[in-house]
Amino acid sequence: MIKPRDLMELAERLAAIGAEAEGRAAVSRAYYSAFHHAKSLLEDKCGLKLPNSAEAHKKVCFCLEASKNNELIDIADRLHTLRRSRNHADYDLTESRFVKIPNVQTQMTTAKKIVADIDAAALRMVDFRQEVRRYASEVLKLALR
């Protein structure tokens, strides 16, 4: 079974190639690594049942924001911004920023920092677990485990 960290390792190998197509793919894989890391945090530590569809991207961010924890709110903001970059990488083939290696590396650094910050937040999840569960259940109508 593939894990979110496997996607980050792939992103790093792609980014090292230095070509535009690989840079775009690296940004995309790095985003998905960070996204799945955040999704796992919410599912494993908060007991949420998030959908396996496009709507999960927004719901992950909504849940992080609803935690009322500044650290998780910041993670949600950076994850949302990284998703926009991923969308440009995947859908806007006229976007020129992915030609430049430093731009790709910036996105890679952002994704790695998100993952590291999620790992740190997981250690304190008990502090905001109930708030996330309440929001997910009452507002987003997500099932709880």
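Biologist: Let's start in the middle. What covers the buried residues of helix 3?

Modeller: This is a predicted model, by the way. The cover of helix 3's buried residues includes helix 2 (20-46), strand 1 (48-49), helix 4 (70-91) and helix 6 (129-138).

Biologist: And which residues of helix 3 are called buried?

Modeller: Buried means under 20% relative accessible area. In helix 3 the list runs A56, H57, K59, V60, C61, C63, L64 and A66.

Biologist: How do you know what span to expect for helix 3, at 1.5 Å a residue?

Modeller: The expected span is 1.5 Å times one less than the number of residues. Helix 3 covers residues 55-66, which is 12 residues, and the expected figure is 16 Å. From first C-alpha to last, helix 3 reaches 17 Å, close to that expectation.

Biologist: What happens just after helix 3?

Modeller: K68 takes a positive phi there, about 65°.

Biologist: On to helix 4. What makes its span agree with its 22 residues?

Modeller: At 1.5 Å a residue they should span 32 Å, and the end C-alpha atoms of helix 4 are 31 Å apart, so the two agree.

Biologist: Which residues of helix 4 are buried, and what covers them?

Modeller: The buried ones are L72, I75, A76, R78, L79, L82, R83, S85, R86 and A89. Their cover includes helix 2, helix 3 and helix 5.

Biologist: Why is helix 4 called roughly antiparallel to helix 5?

Modeller: Helix 4 and helix 5 (residues 101-122) pack at about 150°, with axes 10 Å apart. Angles over 145 degrees count as roughly antiparallel, so helix 4 gets that label against helix 5. Their crossing is left-handed.

Biologist: Which residues make that contact?

Modeller: From helix 4 come E71, L72, I75, R78, L79, L82 and S85; from helix 5 come Q107, A111, K113, I114, D117, I118, A120 and A121. By class, the contact of helix 4 with helix 5 has 9 nonpolar, 2 polar and 4 charged residues.

Biologist: Then why are helix 2 and helix 6 called roughly perpendicular?

Modeller: Their axes cross at roughly 105° and come within 10 Å. The roughly perpendicular range is 65 to 115 degrees, so helix 2 and helix 6 earn the name.

Biologist: Which residues make the contact there?

Modeller: Helix 2 brings L42, K45 and C46, while helix 6 brings R129, V132 and R133. By class, the contact of helix 2 with helix 6 has 3 nonpolar, no polar and 3 charged residues.

Notes. Residues are numbered from 1 along each chain as its sequence is written. This is a predicted model: local features need pLDDT of at least 70, side-chain atom pairs count only at pLDDT 80 or more; totals for chains, interfaces and linings use all residues. Side-chain values use heavy atoms; hydrogens and water are left out. Helices (H or I, at least four residues) and strands (E, at least two) are DSSP runs, numbered from the N terminus. Buried means under 20% relative accessible area, exposed over 50%, partly exposed in between (1.4 Å probe, protein chains only). Contact means heavy atoms within 4.5 Å. Axes are lines fitted to C-alpha atoms, for helices over the stretch in contact, and angles run from 0 to 180 degrees between N-to-C directions. Angles under 35 degrees count as roughly parallel, over 145 as roughly antiparallel, 65 to 115 as roughly perpendicular and the rest as oblique. A crossing is left-handed if the near helix is turned anticlockwise from the far one by less than a right angle, and right-handed if clockwise. Ala, Val, Leu, Ile, Met, Phe, Trp, Tyr, Cys and Pro count as nonpolar, Asp, Glu, Lys and Arg as charged, and the others, Gly among them, as polar.
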